[in-house]
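Work through the exercises below with the sequence and the 3D view side by side. Try each task before reading its solution.

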Amino acid sequence: MERALTDGIERVVIGAEAIARRVRELGSQISEEYRTGAAKDPRGRPLLVVGILKGAMPFMADLVRAMDFPLEYDFMAVSSYGNGTSPGEVRILKDLDCAIGGRDVLIVEDIVDTGHTLQHLLAGLSARGPASLRVCTLLDKPHRREVEVPVDYVGFVLPENLFVVGYGLDYAEVYRNLPFVGVLKPECVREA
Ligand code: IMP
């Protein structure tokens, strides 16, 4: 018989209820701000929320449903090819379907770690001339930052230097469908 996904988890770091509460708070805060001034598009087009695949998918799905104002959404997929110790090249695997010139854009990320992925995304998207460009991340590891990146909305700051899985975050592409964020048992982490 297949083992349960939770068998690989040592401990839960952020439970499903805590995530749901925080996502509702973020949704309310973002709604409030975009209704009362954060939007800069001179033509008044709706905010474009850009989810970064694959990790942001569960967060994005919950967050947009906690946002109570007209918006559009799209996705980008990026991949980072590192050698394990140094950050690698960030490649765009899937780009946006629409142009963002003059539009308000909110990037939704699963986690900001060294900041390299976000720096690359911000540089690429800013060059397209959006009216405004903000970032919302579920998780932040500020102590791991190698490059400075602006993050406007943060769900949770991870207190320790933890590698976490669940609610979109993977280890070797598995564990994304856990409803909580947790830490793997050491025996479930293969040697690199
Ligand atoms: P950065 O470019 O170093 O900021 O890394 C961002 C990407 O690294 C995220 O989108 C994740 O895919 C991955 N990542 C960083 N920390 C973790 C973690 O604790 N668990 C799972 N993936 C992580």
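The exercises go from the ligand site to the cores and then to single residues, all in a predicted model.

**Exercise 1. The ligand shell**

Task: Find which residues come nearest to the ligand, and sort the shell by residue type.

Solution.
- Step 1. Select the shell. It holds 15 residues, and Asp113, Thr114, Thr117, Lys141 and Val164 come nearest.
- Step 2. Sort by type. Six residues of the shell are nonpolar, four are polar and five are charged.
- Step 3. Map the shell onto the fold. Strand E5 (104-112) and helix H3 (116-126) each supply at least two residues. E5 gives the most, with four residues.

**Exercise 2. Backbone atoms at the ligand**

Task: Which backbone atoms of aspartate 113, glycine 115 and valine 164 lie by the ligand, and at what distance?

Solution.
- Step 1. Start with the ligand's oxygen atoms. A backbone N or O atom of aspartate 113 is 2.9 Å from a ligand oxygen. For glycine 115, a backbone N or O atom also lies 2.9 Å from an oxygen atom of the ligand.
- Step 2. Go to nitrogen. A polar backbone atom of valine 164 sits 2.6 Å from a nitrogen atom of the ligand.
- Step 3. Check the cover. On its own, the ligand has 490 Å² of accessible area, and the protein covers 81% of that.

**Exercise 3. The nonpolar cores**

Task: Describe the largest nonpolar core, then locate a second one.

Solution.
- Step 1. Count the largest core. It has 31 residues. Ile30, Phe59, Leu63, Leu139 and Val164 have the most contacts inside it.
- Step 2. List the contributing elements. Two or more residues come from each of helix H1 (16-35), strand E2 (47-53), helix H2 (57-65), E5, strand E6 (132-140), strand E7 (153-157) and strand E9 (181-184).
- Step 3. Rank them. H1 gives the most to this core, with five residues.
- Step 4. Look for another core. A separate one has 17 residues, including Leu48, Ile100, Val112 and Leu122.
- Step 5. Return to valine 164, one of the residues that come nearest to the ligand. Beyond four places in sequence, valine 164 contacts Val13, Ile111, Leu139, Leu158, Leu169, Val181, Gly182 and Val183.

**Exercise 4. A threonine in a strand**

Task: Is threonine 137 buried or exposed? What does its side chain reach?

Solution.
- Step 1. Place the residue. Threonine 137 is in strand E6.
- Step 2. Read its accessibility. The relative value is 0%, so threonine 137 counts as buried. The cut-off for buried is under 20%.
- Step 3. Find its polar partner. The threonine 137 side chain reaches the backbone oxygen of leucine 139 at 2.9 Å.
- Step 4. List the contacts beyond four places in sequence. Threonine 137 touches Phe59, Glu109, Asp110, Ile111, Val112, Val151, Tyr153, Val154 and Gly155.

**Exercise 5. Backbone geometry in the loops**

Task: Inspect the backbone at lysine 54, tyrosine 167 and tyrosine 175.

Solution.
- Step 1. Check omega. The peptide bond from leucine 53 to lysine 54 is cis, with omega near 0 degrees. Lysine 54 lies in the loop between E2 and H2.
- Step 2. Check phi at tyrosine 167. The angle is near 50 degrees, a positive value in a residue other than glycine. Tyrosine 167 belongs to the loop between strand E8 (164-165) and E9. This tyrosine is buried, at 7% relative accessible area.
- Step 3. Check phi at tyrosine 175. The angle is positive, about 80 degrees, although the residue is not a glycine. Tyrosine 175 is found in the loop between E8 and E9. Its relative accessible area is 5%, so tyrosine 175 is buried.

**Exercise 6. Apart in sequence**

Task: Trace the contacts of glutamate 72 and alanine 131.

Solution.
- Step 1. Place glutamate 72. This residue is in strand E3 (residues 71-81), and is partly exposed at 33% relative accessible area.
- Step 2. Take the C-alpha distance. Glutamate 72 and valine 49 are 23 residues apart in sequence but 6.2 Å apart in space.
- Step 3. Look at the side chains. Glutamate 72 and arginine 103 make a polar contact of 3.1 Å.
- Step 4. Move to alanine 131, in the loop between H3 and E6. Its relative accessibility is 30%, so alanine 131 counts as partly exposed.
- Step 5. Take the C-alpha distance again. Alanine 131 and glycine 102 are 29 residues apart in sequence and 4.4 Å apart in space.
- Step 6. Compare the contact lists, leaving out residues up to four places away. Arg103 is among the contacts of glutamate 72, and among those of alanine 131.

Key
Residues numbered from 1 in each chain as written. Predicted model: local features only at pLDDT ≥ 70, side-chain atom pairs only at ≥ 80, totals over all residues. Heavy atoms only, no water. Near = heavy atom within 4 Å. Polar contact = N/O pair within 3.5 Å; in protein donor to acceptor, adjacent residues only side chain to side chain. Areas by Shrake-Rupley, 256 points an atom, 1.4 Å probe, with all protein chains shown as cover. Nonpolar A, V, L, I, M, F, W, Y, C, P; charged D, E, K, R; others polar. Core = buried A, V, L, I, M, F, W, Y, C linked by side-chain atoms within 4.5 Å. Buried < 20%, exposed > 50% of the residue type's maximum accessible area, 1.4 Å probe, protein only. Contact = heavy atoms within 4.5 Å.
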